[in-house]
There are 4 protein chains.
Amino acid sequence: MTKVRRGQSFHTHRGYIHFDDLIGRAFGERVKSSLGVDFVAFRPNILDYTRKMVHATQVIYPKDMGLIVVYSAIGHGSRVVEAGTGSGALTSILANFVDPTGRVYSYEIRPEFLEKARKNIERAGMLDRVELKNKDVALGIDEKDVDAVVLDLAAPWTIVSKAYEALKGGGTIVSFSPTIEQVVNTVEALEAEGFVGIEASECIARRIKVKRGQTRPETLMIGHTGYLTYARKAIKEA
Amino acid sequence: MTKVRRGQSFHTHRGYIHFDDLIGRAFGERVKSSLGVDFVAFRPNILDYTRKMVHATQVIYPKDMGLIVVYSAIGHGSRVVEAGTGSGALTSILANFVDPTGRVYSYEIRPEFLEKARKNIERAGMLDRVELKNKDVALGIDEKDVDAVVLDLAAPWTIVSKAYEALKGGGTIVSFSPTIEQVVNTVEALEAEGFVGIEASECIARRIKVKRGQTRPETLMIGHTGYLTYARKAIKEA
Amino acid sequence: MTKVRRGQSFHTHRGYIHFDDLIGRAFGERVKSSLGVDFVAFRPNILDYTRKMVHATQVIYPKDMGLIVVYSAIGHGSRVVEAGTGSGALTSILANFVDPTGRVYSYEIRPEFLEKARKNIERAGMLDRVELKNKDVALGIDEKDVDAVVLDLAAPWTIVSKAYEALKGGGTIVSFSPTIEQVVNTVEALEAEGFVGIEASECIARRIKVKRGQTRPETLMIGHTGYLTYARKAIKEA
Amino acid sequence: MTKVRRGQSFHTHRGYIHFDDLIGRAFGERVKSSLGVDFVAFRPNILDYTRKMVHATQVIYPKDMGLIVVYSAIGHGSRVVEAGTGSGALTSILANFVDPTGRVYSYEIRPEFLEKARKNIERAGMLDRVELKNKDVALGIDEKDVDAVVLDLAAPWTIVSKAYEALKGGGTIVSFSPTIEQVVNTVEALEAEGFVGIEASECIARRIKVKRGQTRPETLMIGHTGYLTYARKAIKEA
């Protein structure tokens, strides 16, 4: 991903491309590099932006983002609390899907992450519907009656009661954690708060090498990223 | 999922509930059935609607919907072509995420499926941004410059050239198929049309039974639903 | 699996077969049932015997047996301690591979299991190299300098120090457990006893439905049977 | 794996060890290297030998060897045909389990592989029950009434009729292949020859990183090695 600037060029190990050759052409058209190799210029889409961010911290993959988006059941106009912000990749995906009248409230205690995330989210064009908060979510969530709480934290179970307070009845909580002990602790915290429909699962994505007569799953794969824990808020009896 | 009607009741093998007991209460509150069992009433969210539809035809699972949504890179305002409509579950999910100014053009050749799907999509509240078409997509796609083409067809490879014509440069094509031969044929068709970034993958979702001291993946699982084939349109040289 | 008896017959929902039609024919030959369906009679092999036993208690599958045999590194003449005996399926497999000069010492505290196992192992023709012991392995292992200890117990970590005492230097310990907490406890016990080369793994076996043009993994699969924990005895410093 | 020689030493990046320090000590005892790091010397077992061989050609993993051994249902005294020999790793495992009165007849057309394999098998102590044949198995199998045929070939389907001729009634055939097209072709050939009990499967082995509070499947894993195709010979009607 790079910015096209008149008079400059883009260098790769397969030759360079003059940006001037791109200007005035449609996205998706092919141009030849100095070494005669075909390149195609695309306008980055939301997946491109987040993949680039993910590269840096290597946490949430498209397969997991997809599950989080579908399980959180967000959509146009949803109000979502996220903690922590991390690289801003998941923030951007959530913002893309609550777009444009919804809102993502994203909590992050490390200021240096927050600044990096702000740049990433802005680049992805999603900043106008994201509220970044340099706060410890363990101290409480400012928002009420939100549609979903999405957690990517080292100790998600400590936040479950705060999530209960912030969620509307029937709202969803989705937590992403690499270790099984995090899942066990979080499920117990959800049960203690009376959440229902509790599910834990893992999504294993497997790339297939496709070539007629030589088709097979790839030899080396990402074997594990994390587990997803999901539940829905049921209101406690008074 | 059921409709609350004054004076009526809802019967289950764990007792019945008078709907009058629900009226005036918040979603997420608990009510006791005639047998003293706690029930929680939720307003259905988009995942509830599609899960209900999926039950009937058992084709696309949440894990696959999530991947399709993220890979197709759709969002607010996107224009998406889908074929075929099937139960309308994936149509509803796509509509939820292009909401409200985008549009899903969904092709289905079997009129009886189309009518069932229309009811499902309407119930999910998504019909105003879906255009259902009782047409064979193999005869051509009416729309131009669409952002994404999503295929759930027996012979997706026969539609690849039509998808090329309908897509904007850089637009995405995502095809979901149960068999590996469909994937091989589709990848070859994509290569022939000059699509780039071609990937095939499978997402294996595994439920975990979580209970401290007894935590383990579930014994019986859905081992396979289908493969996802993905690519992006590069414009052919004139 | 049934015993061929002169003058009798074998009944199935695809018709019956007179045993007299089988007598004098080679294994692997086809005979027609009363309904005209082809049947093939095989002499049971070791896998047939154990599969039949496994059916009853559903614990260790061929995929897991294979791993246990290879990781335990047993062979002709090996002396192996097993606990518990269970149905005798794994006992028979181990006996098959230490055959004929080796020995499997199998501990089981439940007398009713031991009797059932004895019949199963005898039927599989392996009883002459198995020593069945109605003893609690937690009270100690009688044998010394054994090549391998194979555990299929609810609390394998409590036996690790007994296994250390029974094993020769460099001998292998292989434990099979359904839950992740069993694995964590066992790995910690192995570390505490100074075992080396500790590994934990899971083997996911996936059946493929093969038919040209319709090839795909099976929809429903056994998603989990158990984890395998493996290590090798290093002698503690005096 | 190395040979202990009086007066020499073994060098590693964690210091060196004088072989004289090992002589006279039991296998499994710890010795300190020149840098003070603990080392443990083991007598190599059959898995050690084959793992070392596998390293070179990276074809059949312990998980696959285990399945092949169990599905082929071999044991003491079995006569097995193998093609091709490759590195000799699978040959050694098969020989270990037919040991000592059985026999493995191993076909390999590439003389340079056969020589390498002979050294590997000899080192593993299995050569006395292996017959290595520098012959193209497609030209026919010399042996008759064998218990099992094990194939690790690029075109296993071309050998199915030869395997039929070599096998006893009820004998097993097990083929290992990396691609799905090999599996489809092989299953069709098995059906054409009247084999029964045909099954195709894949074994996915997943390493678990075990540490209390941080337990999770490993991030990077071997995602695919190969498929196993299995069947049993039913005698064709005359």
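In chain D, helix 3 meets helix 4 through M65(D), I68(D) and V69(D) on the helix 3 side and L90(D), I93(D) and F97(D) on the helix 4 side. By class, this contact between helix 3 and helix 4 of chain D holds six nonpolar residues, with no polar and no charged ones. The model is predicted. Helix 3 of chain D spans residues 62-72, and helix 4 of chain D spans residues 89-98. Their axes come within 11 Å and cross at roughly 40°. Helix 3 of chain D is therefore oblique to helix 4 of chain D. The crossing is right-handed.

Helix 4 of chain D also packs against helix 5 of chain D, residues 111-123. The two axes come within 9 Å and cross at roughly 40°. This crossing, too, is right-handed. From helix 4 of chain D, T91(D), S92(D) and A95(D) take part. They meet A117(D), N120(D) and I121(D) of helix 5 of chain D. By class, the contact of helix 4 with helix 5 in chain D has three nonpolar, three polar and no charged residues.

Chains A and B were compared as copies. A turn of 180° with a shift of 0.0 Å along the axis lays chain B on chain A, with an RMSD of 0.1 Å. This is therefore the relation of a two-fold axis. In chain B, the C-alpha nearest that axis belongs to G66(B), 1.8 Å away from the axis. Of the interface residues of chain B, 100% are also interface residues in chain A, so the copies meet through the same surface.

Key
Residues are numbered from 1 along each chain as its sequence is written. Chains are lettered from A and ligands numbered from 1 in the order in which they are written. This is a predicted model: local features need pLDDT of at least 70, side-chain atom pairs count only at pLDDT 80 or more; totals for chains, interfaces and linings use all residues. Copies are superposed by least squares on the C-alpha atoms of residues with pLDDT of at least 70 in both. Two residues are in contact if their C-beta atoms, placed from the backbone, lie within 7 Å. Axes are lines fitted to C-alpha atoms, for helices over the stretch in contact, and angles run from 0 to 180 degrees between N-to-C directions. Helices (H or I, at least four residues) and strands (E, at least two) are DSSP runs, numbered from the N terminus. Angles under 35 degrees count as roughly parallel, over 145 as roughly antiparallel, 65 to 115 as roughly perpendicular and the rest as oblique. A crossing is left-handed if the near helix is turned anticlockwise from the far one by less than a right angle, and right-handed if clockwise. Ala, Val, Leu, Ile, Met, Phe, Trp, Tyr, Cys and Pro count as nonpolar, Asp, Glu, Lys and Arg as charged, and the others, Gly among them, as polar.
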